[in-house]
Amino acid sequence: MTSLRYPSDLSDQASYILFSIHEARGFTTKELQAIDKAQFTQSKIGGQIALPIPNQLQDSSAVNYEGLEDRSLLGEGAKNVLNATAPSVQKAVQAGSRYKTTKLASQNTLLFDSVRIKMFSFSWKLIPQNATEANNIEQIIKKFELAKLPYYNGGNEFLNFPDYFTIKFGGKQPKLLKFLPCVLTDMSVNMAPDGHFQMYSTGDFPVVELNMTFGELTSRTREIQTSLYGGWNKSIV
């Protein structure tokens with residue numbers, strides 16, 4: 001198992017973040033529904049990457065609702081009668097209605113639709129202090145780049161899914177950050193974050209800004225949320 005870290009003295013820090021890479025093998029609906037529990041079967045770890053606490057970390061989640069317009073049944077019946085009249089009469093009524101001060105009564109409401117996938121955005125500014133750290137930064141970026149991409153299954157007709165990640169903190173644990181298994185959905189590497197492109201004779205960069213966004217494999221339910229945080233619902237009622 002390949003392990004990469006930045007910086008070299010990462011284990012001396014109070015807290016750090018660890019990304020374990022797993023080969024995607026497909027999951028059943030039952031597994032995804034219990035993704036927060038031990039029965040979620042994970043494939044073997046294909047490598048680990050340890051990084052310091054990011055400069056920015058954003059937890060984003062949302063719930064989808066569908067907008068509905070609730071109209072009175074009496075008004076709907078009147079409208080249906082109007083639509084059934086002859087075209088010439090209907091035009092006359094519609095033209096006259098523009099001068100009225102009343103309209104069909106309606107009320108807008110929201111109907112629950114679904115829960116979006118929870119997303120996590122990370123940002124680091126990586127500044128190597130020696131050749132070893134510069135090499136580790138290069139290998140870390142390459143490792144993430146490969147893990148986010150699909151690859152051919154035997155021939156060139158089918159693609160295997162990209163790898164997925166389990167994410168956890170080492171050292172001091174934050175109270176409001178718990179992760180389900182995730183996939184890497186977006187990644188950007190800025191080799192000139194200060195506005196000046198510079199490069200050593202070795203081809204390494206004096207500073208690299210790494211930005212990544214991860215999305216959980218499945219949307220959360222109240223049961224998953226409570227299981228992750230342990231007694232969450234009891235502490236707020």
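This report walks through one residue in a strand, a set of salt bridges and the largest pocket of a predicted model.

## Thr166 and its surroundings

Let's start with Thr166, which you will find in strand 10, the stretch covering residues 164-171. Its relative accessible area is 17%, and since buried means under 20%, Thr166 counts as buried.

The side chain of Thr166 has a partner: a polar contact of 2.8 Å connects it to the side chain of His22. His22 also appears among the residues that Thr166 touches once neighbours within four places in sequence are set aside. The others in that group are Leu18, Phe19, Ser20, Gln42 and Pro181.

## Salt bridges

Across the whole structure, a search turns up six salt bridges. Three of them are worth a visit here.

One joins Lys118 to Asp59, with 3.0 Å between the closest N and O atoms. This pair ties together distant parts of the chain, 59 residues apart: Lys118 sits in the loop between strand 6 (106-115) and strand 7 (119-126), while Asp59 belongs to strand 4 (residues 56-60). The two ends have their own degrees of exposure. Lys118 is buried at 10% relative accessibility, whereas Asp59, with a relative accessible area of 32%, is partly exposed.

Next comes the pairing of Lys148 with Glu145, where the closest N and O atoms are 3.3 Å apart. Lys148 is partly exposed, at 25% relative accessible area, and Glu145 is likewise partly exposed, at 30%. In the third example, Glu216 and Arg220 bring their closest N and O atoms to 2.7 Å. Here both residues, Glu216 and Arg220, are buried.

## The largest pocket

Now for the largest pocket, whose volume is about 370 Å³. Its lining is made up of 19 residues. If you want to find the centre, look for Ile167, Lys168, Phe179, Leu180 and Leu228, the lining residues that lie nearest to it. Strand 2 (15-22), strand 10 and helix 5 (222-229) are the elements that each give two or more residues to the lining.

Which element gives the most to this lining? That is strand 10, with four residues, and strand 10 is also the home of Thr166. As for chemical character, the lining divides into 11 nonpolar residues, five polar ones and three charged ones.

Definitions and conventions
Residues are numbered from 1 along each chain as its sequence is written. This is a predicted model: local features need pLDDT of at least 70, side-chain atom pairs count only at pLDDT 80 or more; totals for chains, interfaces and linings use all residues. Side-chain values use heavy atoms; hydrogens and water are left out. Buried means under 20% relative accessible area, exposed over 50%, partly exposed in between (1.4 Å probe, protein chains only). A polar contact is a pair of N or O atoms within 3.5 Å; within protein, one must be able to donate a hydrogen and the other to accept it, and residues adjacent in sequence count only if both atoms are side-chain atoms. Contact means heavy atoms within 4.5 Å. A salt bridge is a side-chain nitrogen of Lys or Arg within 4 Å of a carboxyl oxygen of Asp or Glu. On a 1 Å grid over the protein atoms alone, a cavity is a set of points where a 1.4 Å probe fits but cannot get out, and a pocket is an open set with protein on both sides within 12 Å along at least five of seven lines; lining residues have an atom within 4 Å of a point. Grid points are joined across faces, edges and corners, and a volume is the space filled by probe spheres set on the points. Ala, Val, Leu, Ile, Met, Phe, Trp, Tyr, Cys and Pro count as nonpolar, Asp, Glu, Lys and Arg as charged, and the others, Gly among them, as polar.
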